[in-house]
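Biologist: I would like a close look at one part of this model, please. Take me through any space shut away inside, and whatever sits there.

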Amino acid sequence: MTDTLTIRRPDDWHVHLRDGDILRGVAPYTARQFARAIVMPNLSPPVTDRHRAADYRARIMAAVPESMAFTPLMTCYLTDDTDPADVAEGFANGVFTAAKLYPANATTNSAHGVTDVANIMPVLERMAEIGMVLCVHGEVTDAHVDVFDREKEFIDRTLALLVERLPQLKVVFEHITTSDAVDFVDASGPQVAATVTPQHLWINRNAMLVGGIRPHAYCLPVAKREEHRLALRRAVTSGSAKYFLGTDSAPHDRAAKESACGCAGIFNAPHALESYATVFDQEGALEHFEAFASENGPRFYGLPLNEGTVTLERAEVQVVDTIDAAGTPVVPFHAGETIGWRFVG
Ligand code: DOR
Ligand code: ZN
C-alpha cells in the first residue's frame, strides 16, 4: 500500500478568496498547497475590467506571505456590457487568464451577471480568437426550473448551443454536479473540460437534508442525488484529461451560513488536497491523482506545468470545527471529521 504520495505542485482552477480582512485569513490556506489559483471575480463590486483585476491581484499578493510563492490568476466577471477590447487587452497584458460567465442571479454576487449569452457573443468570439478560456457557472436561473435540475437545463438550453456556435472557444464547465454534465463533457471535443469540487465527490443531497438541515453542506450548484456523486467520482478517477481540480472554496462568516437564509458556499481550502487525495485513494485510483491535480488544468489553459513537488502521507487528519479567518469565524468542509491523508508540504 502506498503511504506517501509525491506529486508535481498542484493548482486550484477555481477559488473564492474574497477581499479585505477575510482575504488575509483565507488566502494562505490556498497558497500553502497550490502554486496558482484561478480567482473568482464575484466581489462586491465585481471585478469587471482589467484595472479592477490588477488592483485585486495586488491585494491578494499582499495577503499571502512571500515565502509561499503563489500566483493568483485573475478572471474577468462578464456582464451584458463587457467590452471585448478590454478583455483582450487584459489577456494580452497577463492581467486576465480567463473570463467568468455568471448567469445573472445564479449565485453569490452574480446580480450583475449575464442576462442572455447572446449579449456577450462579441466578447466570446474575441476570446475564441485569442485562445482565452471561458469559465462557466452552469445553471439556469429561470424561477420555474427546480434547483436540482438547473445544471442539466443549462446544458440543454445554453451550453450545447454555445459550444456548437463557437467550436474554438475553450470552455471550463465549472464545479459540475451531475452525470448529465459528465456525459456532456465526455461527448464534447477537447476544448470543453470541467472542474470538480471536493464536496461534490463526498456529499449528496441527503447529506445536506436528512436528519436536520446542514447549512455548511450547502453550496451552488447544490449537491445532487447519490448516482450523480458516483458519476463524478468515476469521471475524475477515470484518467480523462478533461477533468481537473477546482475547489470552489467559498468562505462565509459562520453566522451568514447558520441563518434563516443561509449563504451558498463551502470553505474547503484548509484540507482541499487531502480531501481529494482521500477520494482517489478510496477509488483505488491514486495513479490518476497527479494528472487531475497538477497536469490537466495547465495543459488545458495552455500554461506551463509547475516545477517542484508536494508530498502527502497516509495519516488521520482531524478537522477543526471552526477557523478564525483574520477575525471571521468560518466552518471548514469536513469540520469535526477525519480525513485519510495529510499534506506534508
Ligand atoms: O456555493 C457557492 N458559493 N457557489 C457559487 O457559485 C458562489 C460561491 C460564493 O461566492 O460564495
Ligand atoms: Zn465558485
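Modeller: Let's begin with a term: a cavity is a set of points, on a 1 Å grid over the protein atoms alone, where a 1.4 Å probe fits but cannot get out. This is a predicted model, where local features need pLDDT of at least 70 and side-chain atom pairs pLDDT 80 or more, while totals for chains, interfaces and linings use all residues. Residues are numbered from 1 along each chain as written, chains are lettered from A and ligands numbered from 1 in written order, and side-chain values use heavy atoms, without hydrogens or water.

Searching the whole structure turns up 3 cavities of 30 Å³ or more. The largest has a volume of about 130 Å³ (the space filled by probe spheres set on the points, which are joined across faces, edges and corners). Its lining (residues with an atom within 4 Å of a point) holds 19 residues, and His16, Thr107, Leu220, Asp248 and Ala250 lie nearest its centre. By class, 6 are nonpolar, 10 polar and 3 charged; here Asp, Glu, Lys and Arg count as charged, Ala, Val, Leu, Ile, Met, Phe, Trp, Tyr, Cys and Pro as nonpolar, and the others, Gly among them, as polar.

Who lives there? Ligand 1 takes up the space of this largest cavity (more than half of its atoms lie within 2 Å of the grid points). Around ligand 1 are 13 residues, with Arg18, Asn42, Thr107, Leu220 and His252 coming nearest (a heavy atom within 4 Å counts as near). This shell has 4 nonpolar, 7 polar and 2 charged residues.

Now for the polar contacts (pairs of N or O atoms within 3.5 Å). Asn42 places a polar side-chain atom 2.8 Å from an oxygen of ligand 1. Leu220 uses a backbone N or O atom, 2.8 Å from a nitrogen of the ligand, and a backbone N or O atom of Gly265 lies 3.2 Å from a ligand oxygen. The protein covers 99% of the 290 Å² of accessible area (Shrake-Rupley method, 1.4 Å probe) that ligand 1 has on its own.

Finally, an unreviewed UniProt entry lists Lys100, His137 and His175 under "binding site". They are spread over 76 residues of sequence, yet cluster in space, with a largest C-alpha distance of 12.9 Å. Lys100, His137 and His175 are part of the largest cavity's lining.

Conventions:
Polar contact = N/O pair within 3.5 Å; in protein donor to acceptor, adjacent residues only side chain to side chain. 1 Å grid on protein atoms, 1.4 Å probe; cavity = no way out; pocket = protein on both sides within 12 Å on 5 of 7 lines; lining within 4 Å. UniProt positions renumbered as here; feature names shortened; annotations may be inferred.
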